[in-house]
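Grab a coffee and open the viewer: here are a few exercises on reading a protein fold. Try each task yourself before following the solution.

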Amino acid sequence: MLTGMKLNNQIKRRKTRPVFVGNVQIGGDAPIVVQSMTDTKTHDIETTLNQINKLAQAGCEIIRVAAPTEKDAQALKEIVKNSPIPVIADIHFSPRIAFLALESGIHGIRLNPGNINDEGKIKEILQECKRKNIAVRLGVNSGSLEEKLLEKYGFPSGEALAESALNWSEFFEKVGFTNFKVSIKGSDVLQNIQANKIFAEKTDIPLHIGITEAGPAGRGSVKSAVGLGILLYMGIGDTIRVSLTADPVEEVEVAYQILQSLGLRRKGVEIISCPTCGRIEVNLPEIVSKVEEKLKNVDKPLKVAIMGCVVNAIGEAKEADIGLACGNKSAILFKNGQPLKRVSEEEMVDELLKEIEGM
Ligand code: SF4
């Protein structure tokens, strides 16, 4: 029973210090930033830039590109010069590639100190980042956890991951570097939540959150929505990436849907539609998918309700900016909570779109 429990419909975000990746602020009072990662070969500059442009159009605010080879690192200069959004180079294992990337004008680098495993080199990289005002994402992954923590905890538990992230953060700060955010990626949702929660309670360092290797679009979106949703509800997370085995544009769309469903960002059209039941007298799935397709490039934040019958339509009409309350082969078109006119099933999509165009 929830008696006496006060539900606040606004999430109180954790207070974090601001970090800048190029001109994009992460943490502090900035909205939660949406990131993605290209899946092209970075040294194929043209294809990579095409994908970055598509992602930027979809609302991606920071892009990460892999730099596994020197050839990829050498391509960064051209990519950074032509990218519409700040670029982060994803570096693993090789300090040499990290230094090459830092020469390219890159806005940020992602490092997993655990897989570089050389404090001297990490210090040199951080000094160079400081000199060039380049932000760092300090990554801790269950796959590259230090031996001593594995021995202490027996396996890469949430506590072990949080401890590793706290130790490395302390190291960064001890060598005078503060322009960084942290990402902690466990192999499952609960481990992720636990690790991020422990870390968040102890520092004001911004957190990049994501459920790593979440899977194909359908399953991966559910897993990400659950994991990220819980963390975001606790106020944790300054930037997010949804990782899907799919076109990265889908990652950006799902990220906004997660943020939008918690009232943390508003972007584009939100469609509210009923699941349909035995009362339905129009082809609602077809109507909804036509409307969704036509409105997918509309950036204006709009709530559109498309309801199968009047049972819930009156309540939804009050909440939505515009919508359709369907009935027998027809619908009432309503706007700002008021009925405008009756439209037939054949004309309802066009009439709705015409009205939205004028808004
Ligand atoms: S709005 Fe009407 S048609 Fe849609 S699920 Fe509810 S009762 Fe059924």
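Helices (H or I, at least four residues) and strands (E, at least two) are DSSP runs, numbered from the N terminus. Two strands pair if DSSP finds at least two bridges between them. The model is a predicted one, in which local features need pLDDT of at least 70, side-chain atom pairs count only at pLDDT 80 or more, and totals for chains, interfaces and linings use all residues. Residues are numbered from 1 along each chain as its sequence is written, and side-chain values use heavy atoms, with hydrogens and water left out.

**Exercise 1. Trace the barrel and find the bridge partner of Val34 in strand 10.**

Step 1: Follow the order 3-4-5-6-7-8-9-10, in which eight strands close into a barrel with parallel pairing.
Step 2: Go to strand 3 (residues 33–37) and strand 10 (residues 239–240), which run parallel and are joined by two bridges.
Step 3: Here Val34 has Ile240 as its bridge partner.

**Exercise 2. Work out which strands stand at the edges of the open sheet.**

Step 1: The open sheet has five strands in the order 11-12-13-14-15, with mixed pairing.
Step 2: Strand 11 (269–273) and strand 15 (338–344) each have a single partner strand, so one side of each lacks a neighbour in the sheet.
Step 3: At one end, strand 14 (residues 330–335) and strand 15 run antiparallel and share six bridges; among the pairs there, Ile332 is matched with Arg342 of strand 15.
Step 4: Add helix 12 (residues 310–319), which lies across strands 11, 12, 13 and 14 (contact means heavy atoms within 4.5 Å) and runs at about 170° to strand 12. Such angles run from 0 to 180 degrees between N-to-C directions, with axes fitted to C-alpha atoms, for helices over the stretch in contact.

**Exercise 3. List the residues that surround the ligand and sort them by class.**

Step 1: Collect the residues near the ligand (one heavy atom within 4 Å of it): Cys274, Thr276, Cys277, Arg279, Gly308, Cys309, Val311 and Asn312.
Step 2: Sort them, with Ala, Val, Leu, Ile, Met, Phe, Trp, Tyr, Cys and Pro as nonpolar, Asp, Glu, Lys and Arg as charged, and the others, Gly among them, as polar.
Step 3: The shell comes to four nonpolar, three polar and one charged residues.

**Exercise 4. Find which element gives the largest share of the lining of the largest pocket.**

Step 1: Helix 1 (45–58), helix 10 (248–261), strand 11 and helix 11 each supply at least two lining residues. Lining residues have an atom within 4 Å of a pocket point; on a 1 Å grid over the protein atoms alone, a pocket is an open set of points where a 1.4 Å probe fits, with protein on both sides within 12 Å along at least five of seven lines.
Step 2: Helix 10 gives the largest share, six residues.
Step 3: By class, the lining has eight nonpolar, seven polar and eight charged residues.
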